[in-house]
Amino acid sequence: MDAGQFLKGPATRTFEQAWADDCGAAHCLSVANGTDAIELVLRALGATGGEVITAANAGGCTTTAARLAGAVPVHFDIDPRTHCGSAAAALALVGPRTRVVVATHLYGNLAGVAAIRAGLAAMGRNDVRVVEDCAQAHGPRAADGPVGSLAAAAAFSFHPSKNLGAPGDAGAITCGDESLHRELVALHQYGWTRRYAAERPGGRNSRMDELQATVPLVKLPHLADWTAQRQAIVKAYADAAPSALRPVTGQGPTVAHLAARRSRSAPARASQIPTPAATTSSWPAAAGRRRPRTPSARWPAPAGCRAGRRSW
Ligand SMILES: Cc1ncc(COP(=O)(O)O)c(C=O)c1O
């Protein structure tokens with residue numbers, strides 16, 4: 001700050017390198033927030049004009065990002081145990097216009113990225129790219145590597161509520177492919193391929209500032225300890241909660257972003273937890289229904305947005 005460099009300075013560069021290392025990714029680009037991160041990835045992967053398959057309970061963020069990128073969001077249903085999207089449901093929606101499948105790691109739990117990738121390969125659809133939405137999953141490791149390195153690219157949010165939070169809005173994109181990274185670098189700053197040369201269509205301004213980069217950089221060495229504390233707290237809630245509040249448990253490790261439980265009358269039952277916890281009703285999914293009934297899918301149907309026609 002004293003040096004008068006507020007954007008794209010040393011803190012931002014150091015954070016990008018540290019986060020790439022943490023995720024086991026070759027590249028990391030910081031951006032203004034997690035929704036921008038998804039939108040820019042979708043643009044860079046050529047989703048514009050095609051369809052983006054996304055979990056129906058992904059908070060609406062991917063839906064928003066897909067529409068901003070000029071793609072049609074198609075919603076797939078969730079696995080009722082994990083509340084992450086069901087790989088089988090996603091694969092059932094793949095059609096001729098599908099360009100990207102977004103796998104959202106929800107509540108700190110792992111989405112089935114490997115199953116989606118394997119399914120696409122088995123269908124001969126290597127043209128369909130898989131993107132991780134890691135806004136709620138900072139730091140977990142899947143069997144085949146750390147979150148953020150499992151697919152073509154991964155989008156992160158560092159919103160203050162996230163496990164690794166900035167003081168304001170912030171986000172990042174990790175990827176392994178250098179040409180994809182170069183495209184993202186251009187798109188996040190007016191489409192510039194070099195200063196003032198706006199050569200890439202679809203470019204805009206989405207930068208993380210130095211202050212936003214500094215705080216997660218300082219917090220990063222504590223992330224593993226804080227995650228362990230979160231895991232202990234989630235376990236304490238699980239031990240204390242009445243059985244009518246069924247836990248949402250992930251497959252594999254969780255970074256315990258939220259202590260999610262299922263209930264038909266969530267606010268009433270949540271108040272039975274004998275722990276001083278802030279509770280809220282989050283994305284009430286109707287798992288097992290043929291038609292996803294989660295909020296993204298129930299938002300007033302925006303023009304050109306549809307919910308998984310091929311599955312029902
Ligand atoms: C799963 C998920 N994806 C994307 C986002 C978007 O992140 P941001 O709020 O930084 O735009 C969020 C933020 O709440 C989220 O929880």
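Helices here are DSSP runs of H or I with at least four residues, numbered from the N terminus. With that in hand, select G70: this glycine follows helix α3, and its phi is positive, near 80°. The model on screen is predicted.

**Whole chain**

Start with everything shown. The chain has 312 residues, and 49% of them count as buried. Its secondary structure comes to ten helices and 13 strands. Now turn on contacts between residues at least 6 apart in sequence. Of these, 64% join residues at least 24 apart.

**Helix α3**

Go back from G70 into the helix it follows. Select residues 61-68 for α3. Its buried residues are C61, T62, T63, A65 and A66. Keep C61 highlighted, since the next stop includes C61.

**The ligand**

Select the ligand and its shell. The shell holds 14 residues. The closest are G34, T35, C61, A135 and S157. Colour the shell by residue class. What is the split between nonpolar, polar and charged? Three residues are nonpolar, nine are polar and two are charged.

**The largest nonpolar core**

In soluble globular proteins, nonpolar side chains tend to be buried together. Here the largest nonpolar core has 84 residues. Select V41, L42, A154 and I173, which touch the most other members. Then select helix α2, residues 34-44. This helix gives the most to the core, with six residues. Next, colour by domain. Domain 1 covers 10-219 and domain 2 covers 223-270. Both give residues to this core, so the core lies between them.

Zoom in on I173. Leaving out residues up to four places away in sequence, I173 touches L29, V31, A37, L40, V41, A153, A154, A155 and L184.

**Strand β9 and A172**

Select A172, which sits in strand β9, residues 171-175. Is A172 buried or exposed? A172 is buried, because 28 other C-beta atoms lie within 10 Å, and 20 or more is the cut-off. Beyond four places in sequence, its contacts are W19, C28, L29, S30, V31, A37 and F156. Add F15 and draw a C-alpha distance to A172. The viewer should give 9.9 Å, for two residues 157 apart along the chain.

**Helix α5**

Select residues 113-122 for α5. The buried residues are V113, I116, R117, G119 and L120. Look down the helix axis. These buried residues fall within an arc of 160°, so they line one face of the helix. The face turned away from them carries the exposed residues A121 and A122.

What does the buried side pack against? Show α4 (87-92), β4 (98-104), β5 (129-133) and β6 (141-142): the buried residues of α5 pack against these elements. Then step to G124, which follows α5 and has a positive phi, near 70°.

**Two non-glycine residues with positive phi**

Select Y107, in the loop between β4 and α5. Its phi is near 60°, a positive value in a residue other than glycine. Y107 is buried, with 23 other C-beta atoms within 10 Å.

Then jump to A256, in the loop between β12 (246-247) and β13 (261-262). A256 also is not a glycine, and its phi is positive, near 50°. A256 is buried, with 24 other C-beta atoms within 10 Å.

**G85**

Select G85, in the loop between β3 (72-76) and α4. G85 is buried, because 30 other C-beta atoms lie within 10 Å. Leaving aside neighbours within four places in sequence, G85 contacts A55, F76, I78, A90, A103, T104 and A111. Draw a C-alpha line to V102. The two are 17 residues apart along the chain and 9.3 Å apart in the model.

**Last stop: P146**

Select P146, in strand β7, residues 145-146. How exposed is P146? P146 counts as partly exposed, because 18 C-beta neighbours lie inside 10 Å. Its contacts beyond four places in sequence are C23, G24 and R141. Draw the C-alpha distance from P146 to G24. The pair lies 6.5 Å apart in space and 122 residues apart in sequence.

Note on methods. Residues are numbered from 1 along each chain as its sequence is written. A residue is near a molecule or strand if its C-beta atom, placed from the backbone, lies within 6 Å of it. Ala, Val, Leu, Ile, Met, Phe, Trp, Tyr, Cys and Pro count as nonpolar, Asp, Glu, Lys and Arg as charged, and the others, Gly among them, as polar. A residue is buried if 20 or more other C-beta atoms lie within 10 Å of its own, exposed if 12 or fewer, and partly exposed in between; C-beta atoms are placed from the backbone. The arc is that of the directions from the helix axis to the C-beta atoms. Two residues are in contact if their C-beta atoms, placed from the backbone, lie within 7 Å. A nonpolar core is a set of buried Ala, Val, Leu, Ile, Met, Phe, Trp, Tyr and Cys residues joined through C-beta atoms within 7 Å. Domain bounds come from an automatic or database domain assignment.
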